[in-house]
Amino acid sequence: MITFKNVTKLYKPDTHALSGVSFDIKPGEFVSITGQSGSGKSTIAKLIFAEERPSSGHIHIGDWDISKISMADIPVLRRQIGVVFQDFKLLPKKTAYENVAFALEVAGVPTRRIREVVPQVLKIVGLGEKAHRYPRQLSGGEQQRVSIARALVHRPKIIVADEPTGNLDAINAREIMELLKRINDFGTTVVLVTHDRDIVNALRRRVITIRDGRVAGDAERGKYSLS
Amino acid sequence: MPSEVSIPCRNMRSFFRVIRFALQGTFRNFWLSFVTTSVFLLTLLTVNSLIALNVMADGAIASLEDRVRIDVYFTSNTSEDMLKSARGYLLGLTQVKTVDEIPEEEALAAFKQEHQDDPLVLAALDEVGGNPIGNALRISAHNAEDFGFIIEVLNSSPEYSPYIKDSNFSDSTTAIETLSAFTERVRIGGYALAGFFAFISVLIVLNTIRVAIYVHREEIAIMKLVGATDWFVRGPFLIEATLFAFIATVVMAGVTYAALTAAEPHLMTFFTGVDVALVDYFVAHGAVIFGAQFVSLMLLGVLTTWFAMRRYLRV
């Protein structure tokens with residue numbers, strides 16, 4: 001599903017964010033990518049949804065080599081991957097409903113279909129009653145749920161969550177993780193980028209550990225292994 | 001993703017969504033929209049004030065030029081037919097606006113008035129006795145600087161020159177030259193001032209739009225990350241710029257009409273009876289003036305938005 005082959009990312013002039021990173025994520029897996037701040041784990045997430053491009057190496061999403069993806073193809077790729085961000089990245093002047101609907105509107109999905117799907121997804125994340133509130137009227141946990149609903153709404157095969165609990169308290173963080181596990185249970189591949197030891201240990205799923213831009217560990221039922 | 005959606009249908013749907021987002025953005029970012037439209041409005045106010053000033057200056061200058069007349073005095077033996085022929089000849093010149101015949105008594109009075117500071121001429125008149133001045137022609141021209149040419153043509157005509165006794169052209173030459181130079185300077189000054197203020201206005205509009213786009217930079221990035229194409233993100237901002245230009249132009253047209261209607265009587269008093277006809281001018285040329293202003297402002301807004309957004313779309 002997601003394959004990194006000897007991927008290097010160099011930020012000019014001489015910062016190596018990633019050096020020769022290789023791994024393979026299978027369909028339906030729940031993989032945690034862990035590492036300390038500055039280790040390069042967020043760069044991996046950005047490479048998957050083409051916010052960054054590799055300096056060398058190859059990245060495959062399914063059969064698609066996105067290493068040299070054209071600007072015109074980037075929106076097409078992003079419509080097939082759901083992304084959840086640490087800072088939620090919601091549009092402040094749109095309601096929860098409109099934020100979720102936006103992900104379908106950019107893809108040209110008919111309005112009738114949007115009216116059917118968006119309330120269902122908001123209900124799944126527990127925000128059925130708060131669909132018409134603006135982000136500023138929602139708590140941090142609720143905003144992250146909107147972000148997850150937006151990532152889910154076009155039924156992507158992959159969800160990339162970059163530090164989704166970073167701005168949340170423990171209770172909200174646990175709820176968000178439960179939600180991501182449920183999404184994974186329905187067959188969606190989940191790539192979780194985090195440095196939260198408790199979350200990684202509680203998941204007991206595959207863990208890829210990044211240290212100084214290199215893969216330092218890859219365990220099937222791993223634990224947080226950094227001190 | 002539903003695969004049954006055809007591309008033209010999807011494009012049309014996206015087009016209407018872009019319009020909806022533009023209207024949503026305009027109202028939900030009310031203060032930003034208000035400030036941007038106000039800056040557009042101030043730009044148009046500057047431009048229209050300068051147009052009004054130029055029209056007033058032109059009106060005042062034209063009025064001054066209208067008041068300049070040249071009297072050509074004919075000898076007392078000039079026949080009525082010759083005078084009429086000379087009048088017809090003058091009216092045939094494109095530079096000549098009007099030619100009026102002045103009866104000999106009135107011509108003599110005008111001649112005396114003209115030479116009241118010249119005792120030699122007045123003494124000569126007394127010595128001759130009677131009225132040695134025949135009828136006269138009072139000539140007005142479209143442009144003050146054309147009088148020289150008109151008099152030269154008349155004086156060099158073998159048919160009429162023997163009958164011409166005098167004209168007050170040489171006495172008026174300095175005044176006409178001064179007036180011509182002044183009007184030319186006023187016109188050039190008006191254009192320079194208009195150009196300068198238009199330049200400043202353009203800079204203000206450019207900066208306002210850059211700031212407005214900067215305020216939206218994070219939203220632009222989010223839209224891109226969610227899978228929007230550059231066009232889908234740009235569209236609402238371009239439509240908003242067009243909408244602001246349209247609103248500013250419509251408001252400006254209304255304000256201009258109201259302000260000029262209220263101000264015109266006072267302007268007539270200020271210009272001592274000169275009808276500057278500002279309202280008439282704006283009504284007659286309104287479609288062109290405000291149409292050009294809308295198109296210019298829209299192009300300025302759209303192009304600035306386009307370029308200001310480029311860096312934030314690289315996500």
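## Chain A and its contact with chain B in a predicted model

With 21 C-beta neighbours inside 10 Å, K89(A) counts as buried, a class that requires 20 or more other C-beta atoms within 10 Å of a residue's own, whereas 12 or fewer make a residue exposed and the values in between make it partly exposed, with C-beta atoms placed from the backbone. This is a predicted model, in which local features need pLDDT of at least 70 and side-chain atom pairs count only at pLDDT 80 or more, while totals for chains, interfaces and linings use all residues. Residues are numbered from 1 along each chain as its sequence is written, and chains are lettered from A and ligands numbered from 1 in the order in which they are written.

**Backbone details in the loops of chain A**

K89(A) is found in the loop between β6 and α3 of chain A, where helices (H or I, at least four residues) and strands (E, at least two) are DSSP runs numbered from the N terminus. Its phi is near 50°, a positive value in a residue other than glycine. F88(A) has its place in the loop between β6 (81-85) and α3 of chain A, and its phi, near 65°, is likewise a positive value in a residue other than glycine. F88(A) is buried because 22 other C-beta atoms lie within 10 Å. In the loop between β1 (2-11) and β2 (15-25) of chain A lies P13(A), and the peptide bond that leads to P13(A) from K12(A) is cis, with omega near 5°.

D169(A), in the loop between β7 (158-162) and α6 of chain A, is exposed because 11 other C-beta atoms lie within 10 Å. The C-alpha atoms of D169(A) and D73(A), residues 96 positions apart along the chain, are separated by 37 Å.

**Overall form of chain A**

Chain A contains seven helices and ten strands, and its C-alpha trace spans about 45 × 40 × 35 Å along its principal axes. The radius of gyration of chain A is 17 Å, which agrees with the value near 17 Å of a compact globule with 227 residues; the radius is taken over C-alpha atoms, and the globule rule is 2.2 Å times the number of residues to the power 0.38. Of the 227 residues in chain A, 47% are buried. Among the contacts in chain A with a separation of 6 or more, 68% are between residues 24 or more positions apart, two residues being in contact if their C-beta atoms, placed from the backbone, lie within 7 Å.

**Domains of chain A**

Chain A is divided into domain 1 (1-80 + 156-227) and domain 2 (87-155), with bounds that come from an automatic or database domain assignment. The centres of the two domains, taken over C-alpha atoms, are 23 Å apart. Eleven residues of domain 1 of chain A are in contact with eleven residues of domain 2 of chain A, and on the domain 1 side the largest share, five residues, comes from helix α6 (residues 170-185) of chain A.

**Contact between the chains**

The contact between chain A and chain B takes 19 residues from chain A and 18 residues from chain B. On the side of chain A, the elements that give two or more residues are α2 (74-78) and α3 (96-105), and α3(A) supplies the largest share, three residues.

The table sets out the classes of residues on the two contact sides; Ala, Val, Leu, Ile, Met, Phe, Trp, Tyr, Cys and Pro count as nonpolar, Asp, Glu, Lys and Arg as charged, and the others, Gly among them, as polar.

| Contact side | Nonpolar | Polar | Charged |
|---|---|---|---|
| Chain A, touching chain B | nine residues | two residues | eight residues |
| Domain 1 of chain A, touching domain 2 of chain A | seven residues | two residues | two residues |

**Nonpolar cores**

A nonpolar core is a set of buried Ala, Val, Leu, Ile, Met, Phe, Trp, Tyr and Cys residues joined through C-beta atoms within 7 Å. The largest such core has 97 residues, and those with the most contacts inside it are I48(A), V100(A), L122(A), A149(A), V160(A) and V191(A). Helix α9 (residues 230-270) of chain B gives this core its largest share, ten residues. Leaving aside its neighbours within four places in sequence, L122(A) is in contact with A96(A), Y97(A), V100(A), L127(A), G128(A), A131(A) and A149(A). Apart from the largest core lies another, of 22 residues, among them L108(B), A136(B), A144(B) and I164(B).
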